[in-house]
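Please open the model in your viewer and keep the selection panel at hand. The tour below moves from one selection to the next and says what can be found at each stop.

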Amino acid sequence: MIRIEHISMDYPIGDSVCHALQDVSITIPDGQFISIVGRSGSGKSTLLQIASGLAVPTQGKVYYQDTCISDFSKPLLAEHRSKTIGFIFHSFYLEPEYDVYTNIEIPLMIAGVPKAERAAKINAQLERFDIKEKANVKAKKLSGGERQRVCIARALINEPSVIFADEPCGNLDGENAENVMNILGQLTKEGKTVVLVTHDMEAAVRTQRIVRLQNGRLISDEML
Ligand SMILES: Nc1ncnc2c1ncn2[C@@H]1O[C@H](COP(=O)(O)OP(=O)(O)OP(=O)(O)O)[C@@H](O)[C@H]1O
Ligand SMILES: [Mg+2]
């Protein structure tokens with residue numbers, strides 16, 4: 001379970017302040033498929049960054065089960081993300097000069113997984129996402145859909161219990177977008193929690209719950 005409690009986030013802009021989030025609270029049970037929707041600038045990505053421990057809120061706390069990650073040091077937060085969380089961003093950065101295999105291998109190396117074990121895990125992901133024949137191709141030479149599949153494979157390689165996806169279908173054509181939504185749905189069936197940020201209501205209605213942000217405030221929270 002993830003508990004987001006009374007989160008506010010202020011960004012200083014010159015002499016003024018942008019209130020990107022104001023007193024937002026959400027509890028997400030394990031295994032839920034939840035979408036966060038709202039117009040551009042409503043605070044969706046900021047909320048995702050705070051929920052995942054990539055950013056520290058101005059006010060409020062984030063708990064995973066009963067552990068408050070808002071009090072973690074930077075190294076502890078990095079360890080928490082490495083062990084617990086997978087990130088899928090539409091513009092998520094692959095190392096362009098590294099091949100597909102190496103891109104997927106990096107999180108395993110960071111987590112200290114031995115080489116033989118890494119190979120088995122990577123090959124399983126390459127199979128699952130139908131990118132095996134591209135294993136030795138540099139990331140910069142992939143199509144948009146292939147790149148996306150590599151990003152998802154990399155996000156899942158450490159078997160995270162929580163996936164945060166920020167507009168994961170952003171750059172994709174209909175068929176590839178459909179594939180991504182199917183994969184996310186499948187992950188929740190495997191018991192993983194999936195938090196989807198989107199402004200596409202067609203995608204949002206395929207999840208179990210829609211939380212809507214407006215000007216940094218939570219204005220509705222609806223179970224489907
Ligand atoms: N690093 C930053 N410094 C200053 N202001 C920021 C920063 N990041 C976000 N903001 C501001 O906070 C508000 C919320 O931004 P956020 O990126 O969370 O919106 P969003 O809902 O994800 O929008 P989009 O749909 O366009 O991605 C915006 O007004 C934005 O300009
Ligand atoms: Mg955003």
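What follows is a walk through a predicted model, with stops at its sheets, two helices, its cavities and two single residues.

**The six-stranded sheet**

Begin by selecting β6, β7, β8, β3, β9 and β10, which in that order form an open sheet of 6 strands whose pairing is mixed. At the edges stand β6, residues 85–89, and β10, residues 217–223; each has a single partner strand, so one side of each is left without a neighbour in the sheet. If you look along the strands, neighbouring ones in this sheet are turned against each other by 15 degrees on average, with direction ignored.

Next, narrow the selection to residues 33–37 and 209–214, that is, to strands β3 and β9, which pair in the parallel sense over 4 bridges. Two positions are worth labelling here: Ile 36 stands opposite Val 211 in β9, and Val 37 stands opposite Arg 212 in β9.

Keep β9 selected and add β10, since the pairing between these two is antiparallel and runs over 6 bridges. Within this pair, Leu 213 has Leu 218 in β10 as its bridge partner. The two strands form a hairpin with 2 residues between them, and Asn 215, in the turn, has a positive phi of about 50 degrees.

**A residue on the edge strand**

Now pick Ser 220, which lies in strand β10. Is Ser 220 buried, exposed or partly exposed? Its relative accessibility is 27%, and Ser 220 therefore counts as partly exposed, a class that lies between under 20% for buried and over 50% for exposed. Leaving aside neighbours within four places in sequence, Ser 220 is in contact with Ile 210, Val 211 and Arg 212. If you draw a distance between C-alpha atoms, Ser 220 and Ile 210 come out 7.9 Å apart in space, while they are 10 residues apart in sequence.

**Helices across the sheet**

Select residues 144–156 to show helix α5, which lies across β6 and β7 (162–166) and runs at about 165 degrees to β6. Then add helix α6, residues 174–189, which lies across β3, β6, β7 and β8 (193–197) and runs at about 150 degrees to β8.

Within helix α5, centre the view on Cys 151. With a relative accessible area of 2%, Cys 151 falls under the 20% limit and is therefore buried. A C-alpha to C-alpha line from Cys 151 to Val 56 spans 25 Å, and the two are 95 residues apart in sequence.

**The four-stranded sheet**

Hide the first selection and show β2, β1, β4 and β5, which form, in that order, an open sheet of 4 strands with antiparallel pairing. The edge strands are β2, at 16–28, and β5, at 67–68, each of which pairs on one side only. Zoom in on β5 together with strand β4, residues 59–64: the two run antiparallel and are joined by 2 bridges. In this pair, Tyr 64 has Thr 67 in β5 as its bridge partner.

**The cavities**

How many cavities of 30 Å³ or more are there? The count comes to 2, and each can be shown by selecting the residues that line it.

For the largest cavity, which holds about 50 Å³ of space, select Ile 50, Gly 53, Ala 55, Val 56, Pro 57, Val 62, Ile 69, Ser 70 and Leu 77. This lining divides into 7 nonpolar residues, 2 polar ones and no charged ones. Val 56, already met as the far end of the distance from Cys 151, is one of the lining residues.

For the second largest cavity, with about 30 Å³ of space, select Ile 4, Ile 28, Ile 36, Leu 47, Ala 51, Phe 164 and Val 195. Here the lining consists of 7 nonpolar residues, with no polar and no charged ones. Ile 36, which lines this cavity, is also the residue that stands opposite Val 211 in β9, and with Ile 36 the tour returns to the sheet where it began.

Key. Residues are numbered from 1 along each chain as its sequence is written. Chains are lettered from A and ligands numbered from 1 in the order in which they are written. This is a predicted model: local features need pLDDT of at least 70, side-chain atom pairs count only at pLDDT 80 or more; totals for chains, interfaces and linings use all residues. Side-chain values use heavy atoms; hydrogens and water are left out. Two strands pair if DSSP finds at least two bridges between them. Axes are lines fitted to C-alpha atoms, for helices over the stretch in contact, and angles run from 0 to 180 degrees between N-to-C directions. Contact means heavy atoms within 4.5 Å. On a 1 Å grid over the protein atoms alone, a cavity is a set of points where a 1.4 Å probe fits but cannot get out, and a pocket is an open set with protein on both sides within 12 Å along at least five of seven lines; lining residues have an atom within 4 Å of a point. Grid points are joined across faces, edges and corners, and a volume is the space filled by probe spheres set on the points. Ala, Val, Leu, Ile, Met, Phe, Trp, Tyr, Cys and Pro count as nonpolar, Asp, Glu, Lys and Arg as charged, and the others, Gly among them, as polar. Buried means under 20% relative accessible area, exposed over 50%, partly exposed in between (1.4 Å probe, protein chains only).
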